[in-house]
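Let's go through some of the labels people put on a structure and ask what earns each one.

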Amino acid sequence: MIGLGTLINTGAIVAGGLIGLFAGKLFREEQQASIGKACGVSTMFIAIAGAMSGMLKIENGALTSGRAMLVVLCLALGTVLGELLGIEDAFERFGEWLKKRTGNEGDGGFVNAFVTASLTVSIGAMAIVGSIQDGVMGDWSTLAVKAVLDFIIVLVMASSMGKGCAFSAIPVFVFEGGMTLLARLIAPVMTEAAIGNLSLIGSVLIFCVGVNLVWGKQLRVANMLPAVLLAVIAAYMPWGL
């Protein structure tokens with residue numbers, strides 16, 4: 001069944017959010033804060049591992065690094081585009097709308113939880129590759145693996161940040177569902193080089209999410225999202241970055 005992967009991933013996020021919300025009630029406020037920071041540190045290290053795998057390689061028995069220019073240009077230009085488009089503000093307006101529509105006006109942390117969790121589980125190569133596999137071949141295995149990871153991530157986040165995390169299932173459903181429906185058009189574009197670039201820049205953005213989890217909102221990560229698109233475009237440039 002085409003689209004099953006998206007349904008599994010969405011359901012796992014909702015389940016993780018609900019279980020995390022219940023678990024969070026078992027901890028005092030300071031304990032929830034500690035869990036949130038631990039989640040942030042974990043997110044940062046996962047992101048570092050992903051970024052380093054894209055930047056480091058072994059040549060002639062020595063460890064070398066590269067693609068720094070790709071990171072700098074994509075993040076700089078992508079952030080400029082994101083700021084001009086106001087992506088972060090749009091995310092927050094949608095979060096405010098959700099908060100009102102779901103009767104959570106009294107939850108001051110709802111919007112931040114929604115935006116943070118949405119960025120964490122939506123960014124990454126697994127979502128795109130898995131959606132293409134599901135749409136073209138009916139293979140939902142990659143999205144099923146992502147579902148397990150997202151379940152754990154959202155569970156931990158929800159236990160410290162609240163119910164807004166569970167609603168990150170909405171952008172994931174829209175994004176992955178849309179990618180699955182358009183898979184036959186997108187598949188030729190997502191070459192190995194494009195997926196590699198996307199994975200690298202996506203990992204850097206996830207690191208930024210981790211920074212916000214540990215030190216409070218320091219970075220407008222949603223406004224950096226165009227960097228992912230620029231990374232894919234860069235794979236088709238005649239010069240290497």
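Q: Why is F91 called buried?
A: This is a predicted model, and in it F91 has a relative accessibility of 19%. Buried means under 20%, so F91 counts as buried.

Q: What makes the F91 and F114 pair tilted?
A: The angle between the ring planes is 50°. Under 30 degrees would be stacked and over 60 edge-to-face, so a pair at 50° is tilted. The centres are 6.4 Å apart, and rings pair if their centres lie within 6.5 Å.

Q: Why does this pair tie together separate parts of the sequence?
A: F91 lies in helix α4 (residues 87-101) and F114 in helix α5 (residues 110-122), so the pair joins parts that are 23 residues apart in sequence. As for F114, its relative accessibility is 0%, so F114 counts as buried. F91 and F114 also belong to a cluster linked by ring pairs, together with F94 and W97. The structure holds four aromatic pairs.

Q: What makes F110 and F167 an aromatic pair, and why is the pair called tilted?
A: Their centres are 5.3 Å apart, and the limit for a pair is 6.5 Å. The planes are 55° apart, which is neither under 30 nor over 60 degrees, so tilted is the word again. F110 sits in helix α5 and F167 in the loop between α7 (141-161) and α8 (169-181), so this pair ties together parts that are 57 residues apart in sequence.

Q: How do you know whether F110 and F167 are buried or partly exposed?
A: F110 has 0% relative accessibility, so F110 is buried. F167 has 22%; buried needs under 20% and exposed needs over 50%, so F167 counts as partly exposed.

Q: Where is A166, and why is it called buried?
A: A166 is in the loop between α7 and α8. Its relative accessibility is 12%, and with the cut-off for buried at 20%, A166 counts as buried. Leaving aside neighbours within four places in sequence, A166 is in contact with I13, V14 and G17.

Q: Why does a charged residue like E88 count as buried?
A: E88 has a relative accessible area of 1%, so E88 falls under the 20% limit and is buried. E88 is found in helix α4. Not counting residues up to four places away in sequence, E88 touches V115, K217, R220, V221, A222 and N223.

Q: What is notable about phi of R67, and why is R67 called partly exposed?
A: Phi of R67 is near 65°, a positive value in a residue other than glycine. R67 lies in the loop between β2 (62-65) and α3. At 24% relative accessibility, R67 falls between the 20% and 50% limits, so R67 counts as partly exposed.

Q: Why is α3 called oblique to α11?
A: The axes of helix α3 (residues 68-85) and helix α11 (residues 226-234) come within 7 Å and cross at roughly 135°. That angle is not over 145, and not within 65 to 115 degrees, so α3 is oblique to α11. The crossing is right-handed.

Q: Which residues make the contact between α3 and α11?
A: L70, C74, L75, L77, G78, L81 and G82 in α3 meet P226, A227, L230, A231 and A234 in α11. By class, this contact has ten nonpolar, two polar and no charged residues.

Terms used:
Residues numbered from 1 in each chain as written. Predicted model: local features only at pLDDT ≥ 70, side-chain atom pairs only at ≥ 80, totals over all residues. Heavy atoms only, no water. Axes fitted to C-alpha atoms, helices over the stretch in contact; angles between N-to-C directions. Helix = DSSP H or I, 4+ residues; strand = E, 2+ residues; numbered from the N terminus. Parallel < 35°, antiparallel > 145°, perpendicular 65-115°, else oblique. Left-handed = near helix turned anticlockwise from the far one by under 90°. Contact = heavy atoms within 4.5 Å. Nonpolar A, V, L, I, M, F, W, Y, C, P; charged D, E, K, R; others polar. Phe/Tyr/Trp six-rings, centres within 6.5 Å; stacked < 30°, edge-to-face > 60°. Buried < 20%, exposed > 50% of the residue type's maximum accessible area, 1.4 Å probe, protein only.
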